[in-house]
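Subject: Structure handover

Dear colleague,

Here is the structure for your files, followed by notes on what was found in it. Please keep the two together.

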Amino acid sequence: MNSERSTRLVIERQDIEAAYEVAQYAHLDNTVRTLKKEERRLLGLIAGMEQAATGVSMSEAYDAARASARIGYSTFYKSVKKFDEMRLVDVNFLHGRGRTRMITLRYEAERVRAVCGC
């Protein structure tokens, strides 16, 4: 479409790169739009915490969420599980640390915060 818009008959590298810039975040943009306001705020909070580190523990994220908004652990856990199922984050057990789970974003933290409106 980019080459057609520029009235070229040949697809060039710049056309592919421009299309990729739009397509790489299509899943993130569309998925975040379906989240509730509170869920977007929580995802943005997790993204903000991850900007400083590589991954965030569930307990650290819950403590930060509880401090910024009145949220119970069940609601927090269901939201994080939903983010994992929607392929926005990965939740993995940390080896050798009992049942400690780490939350890792699948997209750049800055981009997630921007899409969430944080």
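Glu110 and Ala114 are exposed, and they sit on the face of helix 7 that is turned away from its buried side. Please bear in mind throughout that this is a predicted model. The buried residues of helix 7, which spans residues 109-116, are Ala109, Val112 and Cys116. Around the axis they cover an arc of only 60°, so they lie on the same side of helix 7. This fits the general pattern: an α-helix has 3.6 residues a turn, so residues three or four places apart point the same way.

What do the buried residues of helix 7 pack against? Their partners are helix 3 (26-33), helix 4 and strand 3. Right after helix 7 comes glycine 117, which has a positive phi, near 85°.

The pairing of helix 7 with helix 4 can be described further. Their axes come within 9 Å and cross at roughly 155°. An angle over 145 degrees counts as roughly antiparallel, and helix 4 and helix 7 are therefore roughly antiparallel to each other. Their crossing is left-handed. On the helix 4 side the contact involves Arg40, Leu43, Gly44, Ala47 and Gly48, and on the helix 7 side Ala109, Val112, Arg113 and Cys116. Ala109, Val112 and Cys116 thus appear again, having been listed above as buried.

Next, the sheet. It is open and has three strands in the order 1-3-2, with antiparallel pairing. Strand 1 (56-57) and strand 2 (89-93) are at the edges; each has a single partner strand, so one side of each has no neighbour in the sheet. Strand 3 (residues 101-105) runs antiparallel to strand 2, and five bridges join the two. Within this pair, valine 89 is opposite leucine 105 of strand 3. Helix 4 (residues 37-50) packs on the sheet and touches strand 1, strand 2 and strand 3, its direction making about 95° with that of strand 3. Helix 6 (residues 73-85) also lies across strand 2 and strand 3, and runs at about 110° to strand 2.

Helix 5 (residues 58-68) has its own buried set: Met58, Ala61, Tyr62 and Ala65. Seen down the axis of helix 5, these buried residues fall within an arc of 100°, so they line one face of the helix. Among the elements that cover them are helix 4, strand 1, helix 6 and strand 3.

How do helix 5 and helix 6 pack? They meet at an angle of about 120°, and their axes are 11 Å apart. That makes helix 5 oblique to helix 6. The crossing is right-handed. In this contact Met58, Ala61, Tyr62 and Ala65 of helix 5 meet Tyr73, Phe76, Tyr77 and Val80 of helix 6.

One backbone detail remains. Most residues other than glycine have a negative phi. Arginine 87 is not a glycine, yet its phi is positive, about 65°. Where is arginine 87 placed? It belongs to the loop between helix 6 and strand 2. Its relative accessibility is 47%, so arginine 87 counts as partly exposed.

Regards

Conventions
Residues are numbered from 1 along each chain as its sequence is written. This is a predicted model: local features need pLDDT of at least 70, side-chain atom pairs count only at pLDDT 80 or more; totals for chains, interfaces and linings use all residues. Side-chain values use heavy atoms; hydrogens and water are left out. Two strands pair if DSSP finds at least two bridges between them. Helices (H or I, at least four residues) and strands (E, at least two) are DSSP runs, numbered from the N terminus. Contact means heavy atoms within 4.5 Å. Axes are lines fitted to C-alpha atoms, for helices over the stretch in contact, and angles run from 0 to 180 degrees between N-to-C directions. Buried means under 20% relative accessible area, exposed over 50%, partly exposed in between (1.4 Å probe, protein chains only). The arc is that of the directions from the helix axis to the C-beta atoms. Angles under 35 degrees count as roughly parallel, over 145 as roughly antiparallel, 65 to 115 as roughly perpendicular and the rest as oblique. A crossing is left-handed if the near helix is turned anticlockwise from the far one by less than a right angle, and right-handed if clockwise.
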